[in-house]
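Please look through the sequence and the structure shown below before reading on. The paragraphs that follow take up helix packing and then an enclosed space.

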Amino acid sequence: MLDAGESYVRGIGRPGWRAGLLYYRAQVLWALGQRAQAIGVAEEGLSLEQRDASGPGSTLAAHRWSLGAMLRQVGRYDDARVQYQA
């Protein structure tokens, strides 16, 4: 479903809207134990949300909080702190 969603938003000329889909993809990857990949996807989603926050889905704060939690859980405390403080 996430792949179809990403294809759709690209097809309608709204690639920035992928941010919300990437948020959920990161959550799924995290739940599957694919920690490094989940963090990479969460970082990409945050970057897109910062550039184009007009799309549906998670807020910038939700992206930051989620990424911060992931980083904290893998021991990257300084990186997590940056996300929480932002």
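In this predicted model, a good place to begin is where α1 passes α2 in a left-handed crossing. Helix α1 covers residues 2-11, and its axis and that of α2 come within 9 Å, crossing at roughly 165 degrees. Because angles over 145 degrees count as roughly antiparallel, α1 is described as roughly antiparallel to α2.

To see which residues bring these two helices together, one can follow the contact from each side. On the side of α1, the residues are Leu2, Asp3, Gly5, Glu6, Val9 and Arg10, and in α2 they meet Arg18, Leu21, Leu22, Tyr24 and Arg25. Sorted by class, this contact of α1 with α2 holds 5 nonpolar residues, 1 polar residue and 5 charged residues.

A second pair of helices can be read in the same manner. Two packed helices are described by the angle between their axes and by the distance between those axes. For α4 and helix α5, the latter made of residues 77-85, the packing angle is about 165 degrees and the axes lie 8 Å apart. That angle makes α4 roughly antiparallel to α5, and the crossing of α4 and α5 is left-handed.

In the contact between them, α4 contributes Arg64, Trp65, Leu67, Gly68, Ala69, Leu71 and Arg72, while α5 contributes Tyr77, Asp79, Ala80, Gln83 and Tyr84. The residues of this contact of α4 with α5 divide into 7 nonpolar, 2 polar and 3 charged.

From the helix pairs we can turn to enclosed space, and ask how many cavities of 30 Å³ or more the count comes to. The count comes to 1 cavity of 30 Å³ or more, and the largest cavity holds about 30 Å³ of space. Its lining is formed by Tyr23, Ala26, Gln27, Ala42, His63, Ser66, Leu67 and Met70. The elements that give two or more residues to the lining of the largest cavity are α2, which spans 18-31, and α4, which spans 60-73, and α4 gives the most, with 4 residues. By class, the residues lining the largest cavity are 5 nonpolar and 3 polar, with no charged residue among them.

Taken together, these descriptions show two helices in more than one role. Helix α2 meets α1 through residues including Leu21 and Tyr24, and α2 also gives two or more residues to the lining of the largest cavity. In α4, Leu67 is one of the residues that meet α5, and Leu67 is also one of the residues that line the largest cavity.

Methods:
Residues numbered from 1 in each chain as written. Predicted model: local features only at pLDDT ≥ 70, side-chain atom pairs only at ≥ 80, totals over all residues. Heavy atoms only, no water. 1 Å grid on protein atoms, 1.4 Å probe; cavity = no way out; pocket = protein on both sides within 12 Å on 5 of 7 lines; lining within 4 Å. Points joined across faces, edges and corners; volume = space filled by probe spheres on them. Nonpolar A, V, L, I, M, F, W, Y, C, P; charged D, E, K, R; others polar. Axes fitted to C-alpha atoms, helices over the stretch in contact; angles between N-to-C directions. Parallel < 35°, antiparallel > 145°, perpendicular 65-115°, else oblique. Left-handed = near helix turned anticlockwise from the far one by under 90°. Contact = heavy atoms within 4.5 Å.
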